[in-house]
Amino acid sequence: MFFYSSVVSSSLNPEKGFRTETMASLNQQGDSPSPSSSTSVDWRRRILIPTILAGVAGGGVGLVSKHRKVYGLAKISATYATNFAIVTGCYCGAREFVTATRKTGPDDLLNSAIAGFGTGAILGRLQGGQFGAYRYSLIFAVVGTAVDFAALKLRPKLHDFSESMFDKSSSLKLPEWSPIQVLDEEALAAKRAREEKLYGQRKALNKEES
């Protein structure tokens, strides 16, 4: 009798199961991260951040350049920063384009070599003609591949270093040898217990002496 009533109720409400499955699928889609957000994060990490860092490095090179007395410190620093940022932005953009075209991972160094060769050929052609295209294409390919290879090797070490410097709450964690330590709740409770124990021992010794 119970089986018959369940069959009848399901036949009278054929959309009930469909709605349940639809809501479950929508919940699963809502829990999963959107591909657009991950793509935006990769774009910032692999193009925007290196371009900004290259601009800062170029400004630093301009500060110690031998031409700063001729052209002025501010002008030569801005020129170096702009050139470094343009070169790095073009190279990183070309590398991402080659990676998407070849459908390989970001760790494939062949993408770096192809992107460096193409970027150097275009910028070298604009700067120094055909000879400049040959020259800069080789320089960009070698330097770009070497930098990406070094970044791949240093990435695990930088990750371990960041984990050692920051705790789970993303706050700065001082090293163990530092005289100043930021204690958590458990460490504070243990410290209070030790202080109370020492205070009790001192109080007992004072009573015995008196």
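The following paragraphs go through the fold, the core, the salt bridges, the surface and the cysteines of this predicted model.

Residues are numbered from 1 along each chain as its sequence is written, and side-chain values use heavy atoms, with hydrogens and water left out. Because the model is predicted, local features need pLDDT of at least 70 and side-chain atom pairs count only at pLDDT 80 or more, while totals for chains, interfaces and linings use all residues.

The protein has seven helices and zero strands, where helices (H or I, at least four residues) and strands (E, at least two) are DSSP runs numbered from the N terminus. Along the sequence this gives the pattern α-α-α-α-α-α-α. Of its 210 residues, 17% count as buried; buried means under 20% relative accessible area, exposed over 50%, and partly exposed in between, with a 1.4 Å probe and protein chains only. The accessible surface comes to about 16500 Å², and 65% of that surface belongs to carbon and sulfur atoms. Accessible areas come from the Shrake-Rupley method with a 1.4 Å probe, and for residues only the protein chains shown count as cover. A contact means heavy atoms within 4.5 Å. Among contacts between residues at least 6 apart in sequence, 39% join residues at least 24 apart.

The interior comes next. The largest nonpolar core consists of five residues: Ile47, Tyr91, Cys92, Val98 and Ala115. Such a core is a set of buried Ala, Val, Leu, Ile, Met, Phe, Trp, Tyr and Cys residues joined through side-chain atoms within 4.5 Å. Helix H5 (residues 73–102) gives the most to this core, with three residues. Leaving aside residues up to four places away in sequence, Ala115 touches Tyr91, Ala94, Arg95 and Val98. Ile114 is found in helix H6 and, with the same sequence neighbours left out, touches Val98 and Arg102. Ile114 is partly exposed, at a relative accessible area of 39%. Its C-alpha atom is separated by 9.1 Å from that of Thr145, 31 residues apart along the chain.

Charged side chains also join parts of the chain. A salt bridge is a side-chain nitrogen of Lys or Arg within 4 Å of a carboxyl oxygen of Asp or Glu, and by this rule the count comes to five. In one of them, Arg46 pairs with Glu96, with the closest N and O atoms 2.5 Å apart. Arg46 lies in helix H3 (residues 35–63) and Glu96 in helix H5, so this pair ties together parts that are 50 residues apart in sequence. Arg46 is buried, with a relative accessible area of 10%, whereas Glu96 is partly exposed at 22%.

Asp148 forms a salt bridge with Arg95, and here the closest N and O atoms are 2.8 Å apart. Because Asp148 lies in helix H6 (residues 109–165) and Arg95 in helix H5, the pair ties together parts that are 53 residues apart in sequence. Both Asp148 and Arg95 are buried. Arg46, Arg95, Glu96 and Asp148 are linked in a network of salt bridges.

Asp107 and Arg155 meet in another salt bridge, at 3.7 Å from N to O. This pair links distant parts of the chain, with Asp107 in the loop between H5 and H6 and Arg155 in helix H6, 48 residues apart. Asp107 is partly exposed at 48% relative accessibility, and Arg155 is partly exposed at 39%.

On the outside, Trp43, Leu48, Ile49, Ile52, Leu53 and Val56 make a nonpolar surface patch of about 600 Å². Patches are made of residues with over 30% relative accessible area and no salt bridge, with like charges joined within 9 Å and nonpolar side chains (Val, Leu, Ile, Met, Phe, Trp, Tyr) within 5 Å. One of the patch residues, Leu53, is found in helix H3 and is exposed, with a relative accessible area of 56%. In soluble globular proteins, nonpolar side chains tend to be buried together.

The cysteines remain. With a disulfide taken as a pair of cysteine sulfur atoms within 2.5 Å, the count comes to zero. Cys90 is in no disulfide, and the nearest cysteine sulfur, that of Cys92, is 9.6 Å away. Cys92 is likewise in no disulfide. Cys90 counts as partly exposed at 34% relative accessibility, whereas Cys92 counts as buried at 3%.
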